[in-house]
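Let's take a look at this structure together, starting with its charged pairs and then moving on to its main pocket.

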Amino acid sequence: MKNKFFILVILFQTVDLALSTPKKYESIFNFGDSLSDTGNLLLSGALVFPVIGQLPYGETFFQHATGRCSDGRLIIDFIAEAFSLPYLQPYLAVKQGQSSQHGVNFAFSGATALDAEFFFQRNMGSILWTNNSLNVQLGWFRKLKSDLCYDNESCDDFFKKSLFLVGEIGGNDYNYAFFLGGSIKQLQSMVPSVVEAIANATSALIEEGAVELMVPGNFPIGCSAVYLTLFESPKKEDYDRHGCLKAFNGFAKYHNNQLKQALDTLRQKYPHARIFYADYYGAAMRYVHAPLHHGFYGGTLKACCGGGGPYNFNISARCGHPGSEACKDPSVYSNWDGIHLTEAAYRHIALALINGSSSHPRLISSPLSD
């Protein structure tokens with residue numbers, strides 16, 4: 001009965017998502033990391049045996065692995081659906097001379113906002129998954145731009161009908177440092193550099209002709225199974241009433257507040273552009289606060305796919321590796337593999353962005369004129 005109710009809720013939300021959204025954007029360009037990578041890491045061949053290239057990854061919607069770090073669709077997929085656009089093809093799948101008129105996804109799993117040099121200079125380079133930072137992704141966009149438009153006028157006309165998503169990015173910058181033993185106090189000194197990198201990329205895209213840009217903040221990492229496992233505390237006071245680690249969520253809010261201030265500065269510099277702040281933190285905390293209301297009967301802190309432990313996250317038996325197992329119904333969990341979310345969670349967040357409850361200003365409030 002519970003599952004039937006949840007299915008009805010999803011159906012109504014899908015209809016609401018489609019009907020409430022004007023057919024506004026004609027293309028989407030996305031930059032980021034594994035939260036929005038639709039296949040670039042897999043296509044790159046960077047991993048010899050990538051678990052994201054096999055089931056259970058992709059099992060829910062696509063019924064096969066696509067390189068997405070989830071059981072199904074991501075936030076970027078739902079945004080594309082909402083504007084009646086095809087799913088974004090990964091940049092590494094774009095063939096020379098092929099049309100990219102509906103947009104391209106430059107996001108790369110493991111990517112950082114800061115360049116790889118930053119981490120190598122601080123003896124953290126060995127843990128990097130990739131060197132394809134936000135700046136590298138910007139370079140890919142500039143390389144592709146000449147295939148999209150041929151002069152300033154045609155580019156301006158094309159990009160005014162496009163949505164640019166700059167992130168989520170920055171989470172890996174902090175993940176790498178935290179997982180190597182960095183303290184919250186130490187990592188707070190990184191935040192201005194990470195935020196500056198995101199703001200600079202946003203500014204660079206505006207200079208290239210972008211006028212509609214969405215910049216997401218970070219998720220509440222203190223509610224993530226990987227953080228709850230690696231930084232488990234014997235002190236009850238370290239957890240909030242929902243079971244999340246308060247200090248790590250406080251760090252995420254610290255980053256998000258600085259990012260919002262940087263975006264305010266960009267709005268003053270570029271009054272002709274619309275720069276949205278996407279409140280991923282707030283959207284996720286809604287279902288953490290009321291999991292049953294959102295259909296998450298399996299919980300919001302425990303991973304659907306993993307190798308056991310209090311949060312079903314085991315570093316030696318991660319999802320897709322020997323010793324791990326996926327839950328029977330990912331739709332009743334918000335966390336997929338301990339690090340990434342399920343399609344069901346991403347759907348809730350995407351809906352909040354589209355309807356404006358987690359997007360500032362509202363994404364659909366001002367349709368573009370012809």
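A salt bridge here is a side-chain nitrogen of Lys or Arg within 4 Å of a carboxyl oxygen of Asp or Glu. Keep in mind that this is a predicted model. With that cut-off, a search of the whole structure turns up 10 salt bridges. Some of these join up: Arg73, Glu81, Glu343 and Arg347 are linked in a network of salt bridges.

Here are three pairs to look at, with the distance between the closest N and O atoms.

| Basic residue | Acidic residue | Closest N and O atoms |
|---|---|---|
| Arginine 142 | Glutamate 208 | 2.9 Å |
| Lysine 161 | Aspartate 157 | 3.9 Å |
| Arginine 347 | Glutamate 343 | 3.7 Å |

**The pair within one helix**

How many residues apart are arginine 347 and glutamate 343 in helix α13? They are four apart in that helix, which covers residues 343–355, so about one helical turn separates them. Arginine 347 is buried, with 10% relative accessibility, and glutamate 343 is buried too, at 6%. Both residues also belong to the network with Arg73 and Glu81.

**The pair that links distant parts**

Arginine 142 and glutamate 208 are 66 residues apart and tie together distant parts of the chain. Arginine 142 sits in helix α5 (residues 134–148), while glutamate 208 is in the loop between α9 (191–207) and β5 (212–216). Is each partner buried or partly exposed? Arginine 142 is partly exposed at 41% relative accessible area, whereas glutamate 208 counts as buried at 18%, because the cut-off for buried is under 20%.

**The third pair**

Aspartate 157 and lysine 161 make a salt bridge with their closest N and O atoms 3.9 Å apart. Aspartate 157 is partly exposed, with a relative accessibility of 38%. Lysine 161 is also partly exposed, at 23%.

**The largest pocket**

Now for the empty space. The largest pocket holds about 1,000 Å³. Its lining is made up of 48 residues, and Ser34, Asn172, Asn175, Ile339 and His340 lie nearest the centre. Two or more lining residues come from each of α7 (171–179), α10 (225–230), α11 (246–269), α12 (280–289) and β10 (333–335).

Which element gives the most to the lining of the largest pocket? That is α7, with six residues. And what is the lining like chemically? It divides into 31 nonpolar residues, 13 polar ones and four charged ones.

Key: Residues numbered from 1 in each chain as written. Predicted model: local features only at pLDDT ≥ 70, side-chain atom pairs only at ≥ 80, totals over all residues. Heavy atoms only, no water. 1 Å grid on protein atoms, 1.4 Å probe; cavity = no way out; pocket = protein on both sides within 12 Å on 5 of 7 lines; lining within 4 Å. Points joined across faces, edges and corners; volume = space filled by probe spheres on them. Nonpolar A, V, L, I, M, F, W, Y, C, P; charged D, E, K, R; others polar. Buried < 20%, exposed > 50% of the residue type's maximum accessible area, 1.4 Å probe, protein only.
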